[in-house]
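Reader: Could you take me through one part of this model in close detail? I would like to start with a single charged side chain and then see what surrounds it.

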Amino acid sequence: MGIYYNPVEDITNGTVGKFINTHNYDEAIRQLPPKHHLYALCDRLIFKQAACVDAKEEFEEFFRQYKEGYLISFQLIALPEDAHKRSC
């Protein structure tokens, strides 16, 4: 797994990103504004993380973890290009 946005608090406090109200990859991609990337904000109980899930395989892996109970929450976020470039 690859690209993560830090600090995740920027997303949780609303400083950066826009929530997308779906758990469907194709629908989320359709809702992405131009020059934005798809991220999944996930809660693992002991920490939160925001992972880039532009690739369907990445999306499916995180969503599988959510469905199997390894993640407490799974929310999709549209992250602008400038924030994505700061990801590591």
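Author: Happy to. R30 counts as exposed, because its relative accessibility is 60% and exposed means over 50% relative accessible area, with buried under 20% and partly exposed in between (1.4 Å probe, protein chains only). The side chain of R30 meets that of E27 in a salt bridge, 3.0 Å from N to O. The term salt bridge is used here for a side-chain nitrogen of Lys or Arg within 4 Å of a carboxyl oxygen of Asp or Glu. E27 is partly exposed, with a relative accessible area of 28%. Both residues belong to helix 2, and because they are 3 residues apart there, about one helical turn separates them. Helices (H or I, at least four residues) and strands (E, at least two) are DSSP runs, numbered from the N terminus.

A word on the ground rules: this is a predicted model, so local features need pLDDT of at least 70 and side-chain atom pairs count only at pLDDT 80 or more, while totals for chains, interfaces and linings use all residues. Residues are numbered from 1 along each chain as its sequence is written, and side-chain values use heavy atoms, with hydrogens and water left out.

By the salt-bridge rule, the count comes to 4. Helix 3 holds another of these pairs, E61 and R64, which lie 3 residues apart, about one turn of the helix. Their side chains meet at 2.5 Å, N to O. R64 also forms a salt bridge with E68, at 2.7 Å from N to O, and E61, R64 and E68 are thus linked in a network of salt bridges. What about exposure in this network? E61 is partly exposed at 24% relative accessibility, R64 is partly exposed at 32%, and E68 is partly exposed at 46%.

Helix 2 and helix 3 also face inward, in a sense you can check: helix 2 (25-31), strand 3 (36-43), helix 3 (56-67) and strand 5 (73-80) each supply at least two residues of the largest nonpolar core. That core has 16 residues, of which I20, L38, V53, F59, F62, F74 and L76 touch the most other members. A nonpolar core is a set of buried Ala, Val, Leu, Ile, Met, Phe, Trp, Tyr and Cys residues joined through side-chain atoms within 4.5 Å. Apart from the largest core lies another, of 11 residues, including V8, I11, V16 and L41.

The backbone has some details for you as well. Most residues other than glycine have a negative phi, and most peptide bonds are trans. Past the end of helix 2, in the loop that leads to strand 3, sits K35. K35 is not a glycine, yet its phi is positive, about 60 degrees. With a relative accessible area of 70%, K35 is exposed. L45 has a positive phi too, near 75 degrees, and is found in the loop between strand 3 and strand 4 (48-52). L45 is exposed, at 66% relative accessible area. Finally, the peptide bond from N6 to P7 is cis, with omega near 0 degrees; P7 is found in the loop between strand 1 (4-5) and helix 1 (9-12).
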